[in-house]
Structures are given as C-alpha cells and as structure tokens.
Amino acid sequence: EPAVAALTRYYRGNIPGGSAVLDLCSSWVSHYPLEFPRTMVRISGVGMNAAEMRHNDQLDDYVEVDLNADEEQPRLPYPDGTFDVVTCVVSI
C-alpha cells in the first residue's frame with residue numbers, strides 16, 4: 001500500500017529516536033517503522049478495543065478507553081507531558 005509506506009517513511013524521518021510515542025485511537029496495527037519498538041523509549045496505545053491492541057506488537061502498553069464518553073472534555077489516561085509525540089491515523 002503506497003499510502004502506508006509513505007506514512008511509515010514520514011514517521012521514520014520525523015519522530016526522533018528515544019521518543020515516548022502515543023498511538024491515539026490505536027488498533028491491531030500501528031504504521032510505525034519496524035525498528036521503532038527498539039529505538040523508542042515507549043510506544044503506548046489508547047483505543048476502544050483491547051482485543052485488537054493486544055495483537056499490536058509495536059505497543060509496549062495500551063489502555064482501552066472511549067474518549068467520546070465525556071464529549072464536553074475528553075481526557076487521556078496519562079499525565080500531561082508523558083509523551084513526546086502523539087499520532088492518530090485513519091481513526092477520526
């Protein structure tokens with residue numbers, strides 16, 4: 001898939017090694033480069049389906065949460081400043 005390949009190249013060129021990364025609206029696959037689990041400090045996922053995220057071998061950890069539950073003020077389950085980079089792909 002050319003679009004996925006382009007996104008993976010973008011991540012490789014723009015997310016510095018040693019970053020803490022949050023995959024927002026995560027699922028069974030993240031489109032990070034294969035080396036990211038070794039080169040990033042942490043890759044965490046937030047999504048609505050724990051069964052899918054359990055199969056995502058790039059995540060160090062994940063939290064199942066419905067960010068739509070509080071439409072007035074959705075909250076991530078992490079303190080401010082936890083991550084250097086947040087990505088959200090094909091999930092809006």
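A residue counts as buried under 20% relative accessible area, as exposed over 50%, and as partly exposed in between. Keep that scale in mind as we walk through this predicted model.

**Stop 1: V65**

Start by selecting V65, which sits in the loop between strand 3 and strand 4 (85-87). Buried, exposed or partly exposed: what is V65? Its relative accessibility is 23%, so V65 counts as partly exposed. Now show what surrounds this residue. Apart from its neighbours within four places in sequence, V65 is in contact with V46, G47, M48 and P77. Pick P77 from that group and draw a line between the two C-alpha atoms: V65 and P77 are 8.2 Å apart in space, and 12 residues apart in sequence.

**Stop 2: the salt bridges**

How many salt bridges does the structure hold? There are two, and we can visit each in turn.

Select R12 and E35 for one of them; here the closest N and O atoms are 2.8 Å apart. R12 belongs to helix 1 (residues 2-14), while E35 is in the loop between strand 1 (20-24) and helix 2 (36-39), so this pair ties together parts that are 23 residues apart in sequence. Turn on the surface if you like: R12 is partly exposed, at 43% relative accessibility, and E35 is partly exposed too, at 21%.

Next, select R42 and D61, whose side chains meet in a salt bridge with an N to O distance of 3.3 Å. Which parts does this pair tie together? R42 lies in strand 2 (residues 42-47) and D61 in strand 3 (residues 61-64), so the bridge links parts that are 19 residues apart in sequence. R42 is partly exposed, with a relative accessibility of 26%, and D61 is partly exposed at 25%.

**Stop 3: the aromatic rings**

Now colour the aromatic side chains. The structure holds four aromatic pairs. Zoom in on Y78 and F83: their ring centres are 4.9 Å apart and their planes stand at 90°, so the pair is edge-to-face. That label follows because planes over 60 degrees apart count as edge-to-face. Are these two residues buried or exposed? Both Y78 and F83 are buried.

For the last selection, highlight Y10, Y11, Y32 and F36 together, and you will have one aromatic cluster on screen.

**Looking back**

To revisit the tour, go from V65 in its loop to the bridge of R12 with E35, then to the bridge of R42 with D61, and finish with the buried residues Y78 and F83.

Key. Residues numbered from 1 in each chain as written. Predicted model: local features only at pLDDT ≥ 70, side-chain atom pairs only at ≥ 80, totals over all residues. Heavy atoms only, no water. Salt bridge = Lys/Arg side-chain N within 4 Å of Asp/Glu carboxyl O. Helix = DSSP H or I, 4+ residues; strand = E, 2+ residues; numbered from the N terminus. Buried < 20%, exposed > 50% of the residue type's maximum accessible area, 1.4 Å probe, protein only. Phe/Tyr/Trp six-rings, centres within 6.5 Å; stacked < 30°, edge-to-face > 60°. Contact = heavy atoms within 4.5 Å.
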